[in-house]
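Student: I would like to practise reading burial and packing from a model. Where do we start?

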Amino acid sequence: MPPRLNLYGASRSLAFRSRPSIISYQSRISPAVSRRAFADEKTPPTGPNEETLGHVSEEAADMSKIKGETGPDLGQGTPVQEIIERDQESKEKAPEIVKEEIEKTKSQADAADTTSFANLLALGQLQNVATGGHATDPVNLGHKFGLPDLPLPSDGNLKYRYDPVVSQVTTLLMKHGKLSVAQRNMSFILNQLRTAPPPTTSPTHPLLPGAPPPNHLPLNPVGYLTVAIDSVAPLLRIRSLKGAAGGGAALQIPVPLGLRQRRRQAVQWILDAANKKKSRGSGRGQFAQRFADEIISVVEGKSSVWEKRMLVHRTGTSARANLMKKTYRKRI
């Protein structure tokens, strides 16, 4: 049988040492290190950084105090975004979330400035209206067309809904009372003038004085149409009076025309020339295509309408002497 293990004898061979007291190590700790500092102590820290510069907000507050201005509130602290925004290198190396916050703050500041400017503008307009002026007189807002005179006429929505030239040409294009068809053709004509290449004018048939340059005409199709019609419109018409010269002979008398009469005669000539042209295809837009081509030919000086205008003016010049003649009319 194996020998028994004697626990008493084994325990006598082990050496038990008592734990040393912690008091023996207290003397090794420096008194300066062992003293704990409290958060409410008023004693300034001592060390190599005791002469550091003040915070940027403190510096701004000092400068504001010297200049007599209102400085930043030191109790609020300076946001990190403002500190980074002053340093370009830190702004470039800042995290994306900080950059987004900076842009958001800047956009809010711009919106606040815009709102304040709008408020000042509104106050100025109210003051101007109270004195009898127009609401947009304080500043030039850059309107494309002039503002209407106040008060507005009661039937202004009927008379000034469309451009006068567009309305007149649309009425002359209408057949059998179909206004919607004429409006569709007018829209096609204006779109064709807008998309067409810039015209090349002719020195023998100059446009109306004060007209925009040819390369600017497609930018404003309504102006394009107006310049073409006004440039070819006659200044007068020849009125034939039967028997006015005596012996049954007719007498030709020049009669001046108004603005709408001149434009009507020019549109009639352009319509006659467009009807004589051949269509380049098929479809319901061919008439409008021919009319637009004729407008471009008028601006370029290639249309036969110029010859009709020149003939009317020559006849009127030679018939000026008939204005002084005594007319003979039959008595009724």
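Student: Is α11 mostly covered or mostly open, and how many of its residues are buried?

Tutor: This is a predicted model. Ten of the twelve residues of α11 are buried, so the helix is mostly covered, with buried meaning under 20% relative accessible area. Among the buried ones are P221, Y224, L225 and the residues from T226 to V232.

Student: Which elements cover the buried residues of α11?

Tutor: The cover includes α9, α10, α12, α13 and α14. As for α11 itself, residues 221–232 reach 17 Å from first C-alpha to last, close to the 16 Å expected.

Student: What should I expect of nonpolar side chains in general?

Tutor: In soluble globular proteins they tend to be buried together. Here the largest nonpolar core has 37 residues, and V169, L173, L225 and F291 have the most contacts inside it. The elements giving two or more residues to this core are α9, α10, α11, α12, α13 and α14. Its largest share, eight residues, comes from α13.

Student: Which residues does F291 touch, leaving out those up to four places away in sequence?

Tutor: F291 touches V169, L173, I189, L225, I270, L271 and A274.

Student: Why does M174 count as partly exposed?

Tutor: Because its relative accessibility is 29%, and partly exposed lies between the 20% and 50% cut-offs. M174 sits in the loop between α9 and α10. Beyond its neighbours within four places in sequence, M174 is in contact with L179 and A182. Its C-alpha is separated by 9.2 Å from that of N185, eleven residues apart along the chain.

How values were computed: Residues numbered from 1 in each chain as written. Predicted model: local features only at pLDDT ≥ 70, side-chain atom pairs only at ≥ 80, totals over all residues. Heavy atoms only, no water. Helix = DSSP H or I, 4+ residues; strand = E, 2+ residues; numbered from the N terminus. Expected span 1.5 Å × (residues − 1). Buried < 20%, exposed > 50% of the residue type's maximum accessible area, 1.4 Å probe, protein only. Contact = heavy atoms within 4.5 Å. Core = buried A, V, L, I, M, F, W, Y, C linked by side-chain atoms within 4.5 Å.
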